[in-house]
Amino acid sequence: YIRPEIEQVPVEKLVENLEALADKKPEDAGVRLNLARLHAMAYALKTDTASVRKGKENQGAWFGFEPKHVPFTTKETDSAEQAATAKAHLEKAIDYYRQAIALNKNNLTAQLGLGWCLKEAGKEEEASVQLRKTLEMGWEKEKNLRLGSLGGRYITVEAVAYLTPLLDPENRVLGHLAVFD
């Protein structure tokens with residue numbers, strides 16, 4: 001893990017670069033995933049710049065070597081303008097996550113990102129369905145693992161963390177598995 005050279009790039013410049021790349025590669029789910037994550041990050045952090053590895057602007061924002069699948073936490077804002085811009089980013093993120101999934105339904109990062117964005121958009125029922133789907137898909141992939149990935153980023157753990165607040169607080173049951181706070 002050599003320290004990468006990081007620079008701050010305007011989100012709109014990154015969007016422009018990635019959208020041009022998406023136009024050139026209409027079947028590339030990865031480009032759409034990068035666009036979705038960039039918009040989701042801009043929504044969550046209420047920012048107009050993103051950290052990028054120097055010379056890697058076409059790869060999207062840099063979240064670190066072993067980031068979570070949704071590598072940001074939502075910040076609040078008192079600015080109506082900032083909130084409106086953030087909402088537009090969230091809508092674009094949902095659209096790009098859907099596009100990424102249409103091209104590669106097995107991409108668990110896209111599946112989880114979509115669920116998280118739906119939750120953030122206040123679409124709790126749709127988010128719950130999406131997060132349960134992600135959890136089921138993730139469990140099929142992770143249930144027999146004997147060794148975790150670097151950073152220990154399990155899709156199932158992250159999906160449960162986003163799904164739990166959407167469950168009935170009186171009876172937090174996830175299928176056959178009880179979930180406790």
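Let me begin with a word that I will lean on throughout: a residue is called exposed when its relative accessible area is over 50%, buried when that area is under 20%, and partly exposed in between. By that cut-off Asp23 is exposed, because its relative accessible area is 67%. Please keep in mind as I go on that what we are looking at is a predicted model.

Asp23 is a convenient place to start, since the residue sits in helix 1, which covers residues 11-24, and since Asp23 also belongs to a patch of negative charge on the surface, where it gathers with Glu12, Glu16, Glu19 and Asp48.

Let me step back to the whole chain before returning to single residues. The protein chain holds 6 helices and 4 strands, and, read from the N terminus, these elements follow the order β-α-α-β-α-α-α-α-β-β. Taken along the principal axes, the box that the C-alpha atoms fill comes to roughly 45 × 40 × 30 Å. As for the overall dimensions, a compact globule of 181 residues would be expected to have a radius of gyration near 16 Å, and the chain agrees with this, having 17 Å. Of those 181 residues, 40% count as buried.

Now to the charged pairs. How many salt bridges does a search of the whole structure find? The search finds 4, and I will go through some of them.

One of them joins Glu5 to Lys54, with the closest N and O atoms 3.9 Å apart. Glu5 comes from the segment before strand 1 (6-10), while Lys54 comes from the loop between strand 2 (49-53) and helix 3 (80-103), so this pair ties together parts of the chain that are 49 residues apart in sequence. For anyone who applies the distance criterion, the cut-off is that the side-chain nitrogen lies within 4 Å of the carboxyl oxygen, and the 3.9 Å of the pair Glu5 and Lys54 should be read against it. Glu5 itself is exposed, its relative accessible area being 57%.

Another salt bridge is made by the side chains of Arg98 and Glu126, at 2.7 Å from N to O. This pair, too, links distant parts of the chain, given that Arg98 is in helix 3 and Glu126 in helix 5, residues 124-142, with their positions 28 residues apart. Both partners fall in the partly exposed class: Arg98 has a relative accessible area of 36%, and Glu126 stands at 34%.

A further salt bridge brings Glu140 together with Lys143, whose closest N and O atoms are 3.3 Å apart. Here the two partners fall into separate classes, for Glu140 is exposed at 52%, whereas Lys143 is partly exposed at 35%.

Let me turn to the backbone. Which residue other than glycine has a phi near 55°? It is Lys46, whose phi is a positive value. Lys46 is placed in the loop between helix 2 (29-45) and strand 2, and with a relative accessibility of 15% it counts as buried.

Within helix 2 we also have Tyr43, and at 10% relative accessibility Tyr43 counts as buried as well. The C-alpha atom of Tyr43 is separated by 9.2 Å from that of Gln82, although the two residues are 39 apart along the chain.

A related case is Phe63, which has its place in the loop between strand 2 and helix 3. Phe63 is partly exposed, with a relative accessibility of 22%, and its C-alpha atom is 9.8 Å from that of Arg37, the two residues being 26 apart along the chain.

For contrast, here are two pairs with other separations. Glu7, in strand 1, counts as partly exposed at 26% relative accessibility, and its C-alpha atom lies 25 Å from that of Glu76, which is 69 residues away along the chain. Ile155 is found in helix 6, residues 155-163, and is buried at 1% relative accessibility. Between the C-alpha atoms of Ile155 and Ala50, residues that are 105 apart along the chain, the separation is 24 Å.

To close where I began, Asp23 is exposed at 67% and takes part in the surface patch of negative charge together with Glu12, Glu16, Glu19 and Asp48.

Methods
Residues are numbered from 1 along each chain as its sequence is written. This is a predicted model: local features need pLDDT of at least 70, side-chain atom pairs count only at pLDDT 80 or more; totals for chains, interfaces and linings use all residues. Side-chain values use heavy atoms; hydrogens and water are left out. Patches are made of residues with over 30% relative accessible area and no salt bridge: like charges are joined within 9 Å, nonpolar side chains (Val, Leu, Ile, Met, Phe, Trp, Tyr) within 5 Å. Accessible areas come from the Shrake-Rupley method with a 1.4 Å probe; for residues, only the protein chains shown count as cover. Lys and Arg count as positive and Asp and Glu as negative; His and the chain ends are not counted. The place of a charge is taken as NZ of Lys, CZ of Arg, CG of Asp or CD of Glu. Helices (H or I, at least four residues) and strands (E, at least two) are DSSP runs, numbered from the N terminus. Buried means under 20% relative accessible area, exposed over 50%, partly exposed in between (1.4 Å probe, protein chains only). The radius of gyration is taken over C-alpha atoms; the globule rule is 2.2 Å times the number of residues to the power 0.38.
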